[in-house]
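Student: Could we go through this one together, starting with the charged side chains and then moving on to the rest?
Tutor: Gladly; ask as you go.

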Protein chains: 2
Amino acid sequence: MEIQTELERRRTEIEAVLEQYLPKEEGYQKTVLEAMNYSILAGGKRLRPMLMMETYRMFGGSSRIIEPFAAAIEMIHTYSLIHDDLPAMDNDEYRRGRKTTHMVYGEAMGILAGDALLNYAYETAAEAFSMEPENPAVGRAFRFLAKKAGVYGMVGGQVVDVESEGTGRISRDKLNVIYRLKTGALIEAAMGTGAILAGASEAEFLNIEACAQEIGLAFQIQDDILDVTSTLEVLGKPVGSDVKNQKATYVSMEGIQKAEKDAGRLFCSAMARIPEDTFLQELLCYLMHREK
Amino acid sequence: MEIQTELERRRTEIEAVLEQYLPKEEGYQKTVLEAMNYSILAGGKRLRPMLMMETYRMFGGSSRIIEPFAAAIEMIHTYSLIHDDLPAMDNDEYRRGRKTTHMVYGEAMGILAGDALLNYAYETAAEAFSMEPENPAVGRAFRFLAKKAGVYGMVGGQVVDVESEGTGRISRDKLNVIYRLKTGALIEAAMGTGAILAGASEAEFLNIEACAQEIGLAFQIQDDILDVTSTLEVLGKPVGSDVKNQKATYVSMEGIQKAEKDAGRLFCSAMARIPEDTFLQELLCYLMHREK
């Protein structure tokens, strides 16, 4: 498939940007620097930096100011995975077929590597201030990214999710909050930051923010659906884990038919907000209709 | 003592600034917002924001641009305490006579409250970009603060300290790195950020950075000395804990006489870098000669 070749090309491009910003593994802090890089280099789709860069391009952005932000959002995503995997949280030993950070480096170093990576994300994004010290969009983009990553964004979603665990059924309202914040907030951060840095107007920004919200929710409903309808072979991880863990999902609460209908509706609405024949539209379309 | 009244007045001023930036305890994330505020409001000397504000004033700074940064550095300091106290780290149940964050809210929430607070520190400092969007000093101050808080600053020192534990004797070089980074880096951040925001020249900035390094090290040697020479009644916490924990300190490595001489030398050098009759000099003098 041609889109896959194109995706791979852009993923390689993003990994080159990331590598440029990764810290050198040297000095007395060598262990934590290794742990940070171990986690970042574990792979993944690089979805967030890709959405950021493609939104930036769609609005006509063409400078390297986007690069520190693209690296930063992947670092934020990665630190959240390191801390999610800790024994006191999800207690996961493997991720993407590799041992999790705390399994390799110990629990204390897992905590510190996550802290270091979150902090380093902001050190990295702040490089943009030295690139364009008098561009007020940089400060605006920074504030948007930081807010979406924090207690009113991703961390907030994580908190509500942790608190809801083992409580049996949760309200639809609460499920929406978890979906909107835990994963949705970084999708919004990616697309919103790209738009701000490219100089999008306020109306364009609000439109792309709404688009990101719809897309974020559609992706998560789609994940819930695949957990029920896919197979181990296709998905590359056990299916039915949500049912097994008695996890409240969009599918368990609304049924599979309504879930499919709602995901489709959200996706269509999001698509209508983006100009046709853009790579961003093609990318979102591909991600929505993936089988895993 | 008059200086104590003055200190108390400024501490109250800083707490008012902090409260202004603290998140409201409402919404679905209420628990983590409570945990964040519980930790921040546990008290303390507010040393770092105080040093930041006094350095800012000494260089003639007089706007409110310093306030979000002062709040941010206290949040960074506080998050580091929350994570330090976790079971996988120092496993402390009490701090300043109150239960530690994870003892009250659980371990998962302790991790998340620390993450949320670190992130919120940068959200808060970034408020300065909306206050003065075209002031390039804000970006410079931000970068300096973030670097000193991260893997090349405070977190890096924490990592070296954790790795050195239980290894018996460590090298003088390594002890210097721990002292310089673990506590020293945030003293540098405080004074350096204050200087940058007040528009200090490059030479003035380098001078104040050197001053902060000397002061940071002098304070820590002084702490080591007090742990040996003070009493439970004066210090308000058990003395001799370093010896009991077989912790390598400046005193255990160099002996008490050399430690006192070096601390005095560092302090005098630092004092000579600051104009006389400033409150900053008076403040540092008071902090150095405290008995606890």
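Student: Is Glu13(A) buried, partly exposed or exposed?
Tutor: In this predicted model, Glu13(A) has a relative accessible area of 26%, which makes this residue partly exposed.

Student: And which side chain does Glu13(A) meet in a salt bridge?
Tutor: The partner is Arg57(A), with 2.5 Å from N to O. Glu13(A) belongs to helix α1 of chain A and Arg57(A) to helix α3 (residues 47-58), so this pair ties together parts that are 44 residues apart in sequence. Arg57(A) is partly exposed as well, at 34% relative accessibility.

Student: Which residues make up the network of salt bridges around that pair?
Tutor: The linked residues are Glu6(A), Arg9(A), Arg10(A), Glu13(A), Glu54(A) and Arg57(A). Within that network, the side chains of Arg10(A) and Glu6(A) meet at 2.8 Å, N to O, and because these two are 4 residues apart in helix α1 (residues 2-21), about one helical turn separates them.

Student: Are Arg10(A) and Glu6(A) buried or exposed?
Tutor: Arg10(A) counts as buried, with 12% relative accessibility, whereas Glu6(A) is partly exposed at 22%; the cut-off for buried is under 20%.

Student: What about Lys30(A), which side chain does that one pair with?
Tutor: Lys30(A) forms a salt bridge with Glu34(A), at 2.9 Å from N to O. Both residues sit in helix α2 (residues 30-40) of chain A, 4 residues apart, or about one turn of the helix. Lys30(A) is partly exposed at 39% relative accessibility, and Glu34(A) is partly exposed too, with a relative accessible area of 23%.

Student: How many salt bridges does the structure hold over all chains?
Tutor: The total over all chains is 42.

Student: Switching to the surface, which residues form the negative patch?
Tutor: That patch consists of Glu2(A), Glu276(A), Asp277(A) and Glu282(A). Glu282(A) is placed in helix α16 (residues 279-288) of chain A, and with a relative accessible area of 43% this residue is partly exposed, so it passes the requirement of over 30% for patch residues.

Student: What else is in α16, say Met288(A), and is that residue buried or exposed?
Tutor: Met288(A) is also located in helix α16 of chain A, but this methionine counts as buried, at 4% relative accessibility. Its C-alpha atom is separated by 25 Å from that of Gly61(A), which is 227 residues away along the chain.

Student: Now the backbone: what is the phi of Asn91(A) and of Arg96(A)?
Tutor: Asn91(A) has a positive phi of about 55° although it is not a glycine, and this residue is found in the loop between α4 (66-85) and β1 (94-95) of chain A. For Arg96(A), also not a glycine, the positive phi is about 50°, and this arginine is in the loop between β1 and β2 (98-99) of chain A. Asn91(A) counts as partly exposed at 44% relative accessibility, and Arg96(A) does so at 42%.

Student: Last topic, how is chain B superposed on chain A?
Tutor: A rotation of 180° does it, with 0.0 Å of shift along the axis and an RMSD of 0.0 Å. The two copies are therefore related as by a two-fold rotation axis.

Student: Which residue of chain B comes closest to that axis?
Tutor: That is Glu134(B), whose C-alpha is at 2.8 Å from the rotation axis.

Conventions. Residues numbered from 1 in each chain as written. Chains lettered and ligands numbered in written order. Predicted model: local features only at pLDDT ≥ 70, side-chain atom pairs only at ≥ 80, totals over all residues. Heavy atoms only, no water. Patch = residues over 30% accessible without salt bridge, like charges linked within 9 Å, V, L, I, M, F, W, Y side chains within 5 Å. Areas by Shrake-Rupley, 256 points an atom, 1.4 Å probe, with all protein chains shown as cover. Salt bridge = Lys/Arg side-chain N within 4 Å of Asp/Glu carboxyl O. Lys, Arg positive; Asp, Glu negative; His and termini not counted. Charge placed at Lys NZ, Arg CZ, Asp CG, Glu CD. Buried < 20%, exposed > 50% of the residue type's maximum accessible area, 1.4 Å probe, protein only. Least-squares fit on C-alpha atoms with pLDDT ≥ 70 in both.
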